[in-house]
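Open the model in your viewer and keep the sequence panel beside it. The stops below run from the whole chain to single residues.

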Amino acid sequence: MEDLKKRKMDEAIINGSAETSTAQDYLRSLLDPLNKPQLVDLLSRLGSQYPSIAEEIKSLASADPVHRKLFVRGLAWNTTSETLCAEFRMHGEIEEGSVIYDKATGKSRGYGFITYKHMESAQSALGAPSKLIDGRMAVCNLACEGLTGATTTPDLTQRKLYIGGLSPEISSEMLLHFFGRYGEIEEGSVAYNKDTNESRGFGFVTYKTVEAAKKAIDDPHKLFGGRTITVKLADTHKGKTVQMQSQVPMVPVPVPMAAAGYAQPGKAPVGSGTPVGYPYPQTVASYPASSYPNPPVAPAPYPTQSQVSYAPVSAKKELLGLSSTPPVGMGGYPYYYPKQ
């Protein structure tokens, strides 16, 4: 009797598994033609209605590092991996974190990565994406987004400002403190030389709103650090820089002969030495090989004709109008003509 019950239970389990497998295959055939937005919408609605499905979705998402890895840019050149991890450890346990260095020079490339152990820690860090690290405002976003994160929104060109004419003593922290009066800053820092780590005399500030950027631009010339600084949209400054670099260099106009030191008739030479405006030696540009066309080819000569032979003709030399035999005078003596 017991064996019969056990056999029936096993058969029920097998039948149930077969039915479950068949149901899954049927559902897969229905879901397969759907595109990604449709599947995302379907799972989000099911997750909001059934907590078990929501937990399953969170578990799968947390296992994938794409939801836990952050890209951090705008780091100072002297920021180390230890300093970077220390700033982001407040949001949760870090699985891995490092600054990226140039293999050739061994110097920081100004960005790094942070991978948290839990997805919730990454979400907490993204809640405050801007952090002041070693005097520079660094910004983070999901590494899978790269540079196409929240800071590359269409209005970025209206929120990012160029600050020119800065004093060498102005640090990034002082710059952020000064411009923080106009609104909340998303990122910003002074531009430093990679080799000497000295200020290059300008910087950038990106506000979180367009209104804050407009307030900072209202007075384009401000006194900061004992200097009058320039404030403008970074996109405008970039366009001017590109335009200046693309201009054709000016060709120096030669100095007149008298001013260059060449003597003129009736006047003493001015100055001595090499004439001004005419550098020596002068370089002569080489002519390209194809500057001149090849000379025209002479036409083919006429075909040679065979010579025609003629019979030899004897010619007699005779004086015009005179006989070839000398005349004879009286007494049989020859007669000679007088010289003309």
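What percentage of the 340 residues of the protein count as buried? In this predicted model, the figure is 24%.

Start with everything selected and colour by secondary structure: 10 helices and 10 strands appear. Switch on the surface next; about 25,600 Å² is exposed, and carbon and sulfur atoms supply 58% of that area. For the contacts with a separation of 6 or more, 60% join residues 24 or more positions apart.

Now select Ile163, Leu175, Phe179, Tyr207 and Ile229. These residues have the most contacts inside the largest nonpolar core, which has 21 residues. To see where this core comes from, add strands E6 (160-164), E7 (185-192), E8 (199-207) and E10 (227-233), along with helices H7 (172-179) and H8 (210-217); each supplies at least two of its residues. Helix H7 gives the most, with four residues.

Centre on Ile163. Beyond its neighbours within four places in sequence, Ile163 is in contact with Leu175 and Phe179, with Gly201, Phe202, Gly203 and Val205, and with Ile229, Thr230 and Val231. Another core, of 16 residues, lies apart from the one just visited; select Cys85, Ile114, Ala122 and Ala138, which are among its members.

The last stop is Glu93, in the loop between helix H4 (81-88) and strand E2 (94-101). Why does Glu93 count as partly exposed? Its relative accessibility is 47%, and the partly exposed class lies between 20% and 50%. Leaving out residues up to four places away in sequence, Glu93 touches Tyr116, Lys117 and Ser121. Draw a distance from the C-alpha atom of Glu93 to that of Thr115, 22 residues apart along the chain: the separation is 9.0 Å.

How values were computed:
Residues are numbered from 1 along each chain as its sequence is written. This is a predicted model: local features need pLDDT of at least 70, side-chain atom pairs count only at pLDDT 80 or more; totals for chains, interfaces and linings use all residues. Side-chain values use heavy atoms; hydrogens and water are left out. Buried means under 20% relative accessible area, exposed over 50%, partly exposed in between (1.4 Å probe, protein chains only). Contact means heavy atoms within 4.5 Å. Accessible areas come from the Shrake-Rupley method with a 1.4 Å probe; for residues, only the protein chains shown count as cover. A nonpolar core is a set of buried Ala, Val, Leu, Ile, Met, Phe, Trp, Tyr and Cys residues joined through side-chain atoms within 4.5 Å.
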